[in-house]
Amino acid sequence: SRREGFSAIPNVKWEDVGGLDLLRKEFDRYIVRRITHREDYAEFGVDLETGFLLYGPPGCGKTLIAKAIANEAGANFIHIKGPEVLNKYVGESELAVRTIFSRARTCAPCILFFDEVDALATKRGTEGGWVVGRLLNQLLIELDGAGQRKGVFVIGATNRPKDMDPALLRPGRFGKLLYVPLPGPEERGLILKALARNKPIDEDVDLMDIGRREACENLSGADLAAVINEAAMAAMEEKHVSGLGSYSMKTWTIKAAHFEQALKKIS
Ligand code: ATP
């Protein structure tokens, strides 16, 4: 896997993201088109937020969306994990923050993604106190340098927005807050379809219907990925057990019965 902080254009496409249409529209206006149609925004003097905070329960697509935005815009993506900045560079985390932003400027247009950003940004005077306080100040300084941040869009992600220092949520910093919810019945179907895009799903399987089922209630996107994976594994094992393997003319697909097995296992 890639080294942390490595920049590249991610290969996650919008088709890989299920549901979340409103978020997509927002990010299209706020980031993608600002990169792909820079002149238009300049011509009309449109000035918009460059810092975003995605918040919501784990496994619902925050990282996935951020990558898809970068892919769509043809922009570089830098993935920073909040807790790692703290742990890896004890005593040097302020320098680390400066380095991260300077690297982002070098590879603009770029999406700078801070996963678990709350680790860097807990309210001053709580947990970790001193170290986090200085780190937070450095982060605020870098975020405020928006003028020099041309082509760098910052997206933070957190499951615990309430733990974040409110200073971070001001305009120009992580100024635009966007909620990424647990999927509802229809969205679950759309997520299953997105996840199944490159898998041999039997034509008898109705993924939208599976999404609406009670067994899927309260499942996150990450849980649904586990369902698909279980179903795929069940189908694969059946093929192996049959002993026909690659000599068989039969096409092997992931069938409704495999999904039933998977759902039982997950719930
Ligand atoms: P965390 O808060 O735990 O970091 P997250 O919200 O960033 O979670 P992701 O890392 O984006 O969640 O999602 C984890 C995995 O779950 C994805 O790689 C994907 O397989 C699946 N997934 C989650 N949400 C979606 C979605 N909306 N569409 C398709 N797949 C999804």
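Me: Which residue has a side-chain N or O atom 3.1 Å from an oxygen atom of the ligand?
Reply: In this predicted model, a polar contact requires a pair of N or O atoms within 3.5 Å. An oxygen atom of the ligand meets that cut-off at 3.1 Å from an N or O atom in a side chain, and the residue that carries this side chain is Asn159.

Me: How much of the accessible area that the ligand has on its own does the protein cover?
Reply: On its own, the ligand has 630 Å² of accessible area. The share of this area that the protein covers is 78%.

Me: Which residue places a backbone N or O atom 2.8 Å from a nitrogen atom of the ligand?
Reply: Backbone atoms also take part in contacts with the ligand, and one example is Cys60, with a backbone N or O atom 3.2 Å from an oxygen atom of the ligand. The contact asked about involves a nitrogen atom of the ligand instead, and at 2.8 Å from that atom lies a backbone N or O atom of Gly18.

Me: How many residues surround the ligand, and how many of the shell are charged?
Reply: The ligand is surrounded by 18 residues, and among the closest are Gly59, Lys62 and Thr63. Helix 3 (62-73), helix 7 (185-195) and helix 9 (221-242) each supply at least two residues of this shell. By type, the shell divides into nine nonpolar residues and six polar ones, while the charged residues number three.

Me: How are the rings of Phe27 and Phe52 arranged?
Reply: The structure holds six aromatic pairs. In the pair formed by Phe27 and Phe52, the ring centres are 5.4 Å apart and the planes stand at 65°; because planes over 60 degrees apart count as edge-to-face, this pair is edge-to-face.

Me: How far apart in sequence are the parts that the pair of Phe27 and Phe52 ties together?
Reply: Phe27 lies in helix 1 (residues 21-36), whereas Phe52 lies in strand 2 (residues 51-55), so the pair joins parts whose separation in sequence is 25 residues.
Ring pairs also link these two residues with a further one into a cluster, and that further residue is Tyr30.

Me: Is Phe27 buried or exposed?
Reply: A residue counts as buried when its relative accessible area is under 20%. Phe52, with 1%, is buried, and Phe27, also with a relative accessible area of 1%, is likewise buried.

Me: What share of the residues of the chain count as buried?
Reply: The chain contains ten helices and six strands, and it exposes about 14,100 Å², of which carbon and sulfur atoms supply 52%. Of its 267 residues, the share that count as buried is 46%.

How values were computed:
Residues are numbered from 1 along each chain as its sequence is written. This is a predicted model: local features need pLDDT of at least 70, side-chain atom pairs count only at pLDDT 80 or more; totals for chains, interfaces and linings use all residues. Side-chain values use heavy atoms; hydrogens and water are left out. A residue is near a molecule or strand if one of its heavy atoms lies within 4 Å of it. A polar contact is a pair of N or O atoms within 3.5 Å; within protein, one must be able to donate a hydrogen and the other to accept it, and residues adjacent in sequence count only if both atoms are side-chain atoms. Accessible areas come from the Shrake-Rupley method with a 1.4 Å probe; for residues, only the protein chains shown count as cover. Helices (H or I, at least four residues) and strands (E, at least two) are DSSP runs, numbered from the N terminus. Ala, Val, Leu, Ile, Met, Phe, Trp, Tyr, Cys and Pro count as nonpolar, Asp, Glu, Lys and Arg as charged, and the others, Gly among them, as polar. Rings of Phe, Tyr and Trp (its six-membered ring) pair if their centres lie within 6.5 Å; planes under 30 degrees apart count as stacked, over 60 as edge-to-face and the rest as tilted. Buried means under 20% relative accessible area, exposed over 50%, partly exposed in between (1.4 Å probe, protein chains only).
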